[in-house]
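Subject: Structure handover and findings

Hello,

Here is the structure you asked about, with the sequence alongside. My notes on what was found follow below.

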Amino acid sequence: MKDIVALCKRRGFIFAASDIYGGLNGFWDYGPLGVELKNNLRDRWWKDMVITPPIGPDGNPIDIVGVDSSIIQNPRCWEASGHVGGFNDPMVDCKESKKRYRADHVVVYLPKDGQGVAVAFDKDAEDDEIEKRLKKLTKKDVSDFETEKLDQVDVAKFESIIGPDVKNAGTLTEPRQFNMMFHTYVGATAGDENKAYLRPETCAGIFLNFKNVVDSSRVKVPFGIAQIGKAFRNEVTPRNFIFRSREFEQMELEWFCAEEDVKMWFDFWVDTRTKFWEAIGIPKSELHFLDVAKEELAHYSSRTIDVEYRFPFSAPEFDELEGIAHRGCFDLTQHQEFSGQKLEYFDQAENKRFMPHVIEPSTGLTRGVLALICQAYTVDESRPSGVYMNFHPSMAPKKAAILPLTAKDEHVPIAQKLYLDLREEFSVDLDVKQNIGKRYARQDEIGTPYCFTIDNDTIADQTVTVRDRNTMAQERIHMNKVKDFLREKIYAK
RNA sequence: GCGGGCGUAGUUCAAUGGUAGAACGGCAGCCUUCCAAGCUGCAUAUGCGAGUUCGAUUCUCGUCGCCCGCUCCA
């Protein structure tokens, strides 16, 4: 992973944000090549979702439209979604053991007579273990105690509680709320009445516009609304390069359908999304599909499949790349209740009104970029660069490099002409300096799939050498065929 | 947020209470008719701030950042 981060910086993929000020934890900037890579992934997703959506399970084309909603919305929106005030669990720290616990995961054994100390246990502690420890610390029986979850216990009693991993009372701090949302103030004055939040996920902007889209776009259920944009979470611990950052980009589709069709569409989207990753160079063998366990599910979801990728930092295990969630009709129902606006869908053909259910394939764009980089990173001691980036041609930041074999002679003007022609359609590099091997090596390291070399034969017969990044094999093709060659490789299904 | 480790050119490393050296990369020149990142030269660093000291990159503190573990990841 260290080597990958170093290459990303060395070659201009990804830099620490505010680098010259020493950086800022959890924030990253995309350099010249990184932004190309990210845009390639973003554009491909948009094309596959909005411009050319897949054919549905019944053989008919499906409809998906896009939106681009505001990062800051009316704060009541986050009350409806549950992000404000709701379910982020209070945490308790132990000053002695240095551990942190979710207050509702700690069970406190309080003496029934109110005399002496209370003892806290993890909620999963075994009965005989509890009995033993109580005996040892208090010389009393289990029957002398009543239990209560720590988040229900009066803070005044904390002084007499022995934490789960220590022997003395009074080491637990009072429960503290953690809110993952960044907040700001709308307008010139800062006060609670104009407090607002940076969106912690992009999907809300879709639900908020559900009615607007239905009323303006002539879409019919089933249909989808897609959005790509930034989201912000004040993560406790940003980790693993850009994997968990505080500012990140999501590509989200909310697929609205009838409740009875949920299973069909859920399977359809899992399948469709898998093919997407395969098509851009993430092999199925590196993906894992986690059917998220009931107790782990988010409050709104009855089923979620995490599409996971084998990142270097998680290997041999996997970590989340995309989540495909059945959100039920939670969001529209909540927003209907909080806003007082009717959000039900009216089906003209069936003459009935209902709340659509939602399947949400939600992809981390920035996580996708990391997966592409990790997947492409290939060590090859036999070549001068020692490493090359095996990007799928459609994702590669540079599609080709045009290299005059020498910086003298008539090679340069021909190369320049080819370069100007190609860059009308593709992101390409012209590199004249230094010897040819050095230039190939440089292109290997940034993952350029093809190099076109102009030599004396080019002057004679208008052919150029194509050098393949992965095989290092060379073939000659006519200059007129270069564009078609690139098109075929890049747009190949 | 807690605990531990760490912070020297772009990258990977070296050295030192008297301000630093290499390799690779970058740039310039040379050489090159296809893997020769070969040759010559040039530029570039002690994260930031404070303290101790005649003098700090080295010691101390703070801060920022990175790595590992915990926690978190709705």
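Two residues are in contact when they have heavy atoms within 4.5 Å of each other. Among contacts in chain A between residues at least 6 apart in sequence, 63% join residues at least 24 apart. Please keep in mind that this is a predicted model.

Overall picture

Chain A has 493 residues, and 49% of them are buried. Its secondary structure amounts to 13 helices and 26 strands. Taken along the principal axes, the C-alpha atoms fill a box of roughly 100 × 60 × 50 Å.

Helix α2 and its surroundings

Helix α2 covers residues 32-51 and helix α9 covers residues 365-376; their axes come within 10 Å and cross at roughly 115°. Angles of 65 to 115 degrees count as roughly perpendicular, so α2 is described as roughly perpendicular to α9. The crossing of these two helices, α2 and α9, is right-handed. On the α2 side, the residues involved are Leu37, Lys38, Leu41 and Arg42, and they meet Leu365, Thr366, Gly368, Val369, Leu372 and Ile373 of α9. By class, the contact of α2 with α9 is made up of 6 nonpolar, 2 polar and 2 charged residues.

Asparagine 40 is also in helix α2. Its relative accessibility is 16%, and asparagine 40 therefore counts as buried, the cut-off being under 20%. Neighbours within four places in sequence aside, asparagine 40 is in contact with Ser394, Met395, Ala396, Pro397 and Lys399. With one of these residues there is a specific link: the side chain of asparagine 40 reaches the backbone oxygen of alanine 396 at 3.2 Å.

Helices α10 and α13

The second helix pair in these notes is α10 (residues 411-422) with α13 (residues 482-491), which pack at an angle of about 45° with their axes 11 Å apart. That angle makes α10 oblique to α13. The crossing of α10 and α13 is right-handed. Here Leu418, Asp421 and Leu422 of α10 meet Val482, Lys483 and Leu486 of α13. The contact of α10 with α13 contains 4 nonpolar and 2 charged residues, and no polar ones.

Tyrosine 300 and the stretch around residue 327

Tyrosine 300 is found in the loop between β14 (287-291) and β15 (303-309). What does tyrosine 300 touch, not counting residues up to four places away in sequence? The list is Ala325, His326, Arg327, Gly328 and Phe330. Tyrosine 300 and serine 81 are 219 residues apart along the chain, while their C-alpha atoms are separated by 9.1 Å.

Arg327 appears in that list, and arginine 327 also has a side-chain partner: a polar contact of 2.8 Å joins its side chain to that of aspartate 331. Aspartate 331 belongs to helix α8, residues 330-339. Is aspartate 331 buried or exposed? It counts as buried, because its relative accessibility is 4%.

Backbone points to check by eye

Most residues other than glycine have a negative phi, and most peptide bonds are trans. The following places depart from that pattern.

- Valine 221 and proline 222 are joined by a cis peptide bond, with omega about 5°. Proline 222 sits in the loop between α6 (210-217) and β12 (223-232).
- Serine 18 is not a glycine, yet has a positive phi of about 55°. Serine 18 lies in the loop between β1 (14-16) and β2 (28-30), and is partly exposed, with a relative accessible area of 36%.
- Glutamine 462, likewise a residue other than glycine, has a positive phi near 65°. The loop that holds glutamine 462 runs between α12 (456-461) and β25 (463-468), and glutamine 462 is partly exposed at a relative accessible area of 37%.

Regards

Note on methods
Residues numbered from 1 in each chain as written. Chains lettered and ligands numbered in written order. Predicted model: local features only at pLDDT ≥ 70, side-chain atom pairs only at ≥ 80, totals over all residues. Heavy atoms only, no water. Axes fitted to C-alpha atoms, helices over the stretch in contact; angles between N-to-C directions. Helix = DSSP H or I, 4+ residues; strand = E, 2+ residues; numbered from the N terminus. Parallel < 35°, antiparallel > 145°, perpendicular 65-115°, else oblique. Left-handed = near helix turned anticlockwise from the far one by under 90°. Nonpolar A, V, L, I, M, F, W, Y, C, P; charged D, E, K, R; others polar. Buried < 20%, exposed > 50% of the residue type's maximum accessible area, 1.4 Å probe, protein only. Polar contact = N/O pair within 3.5 Å; in protein donor to acceptor, adjacent residues only side chain to side chain.
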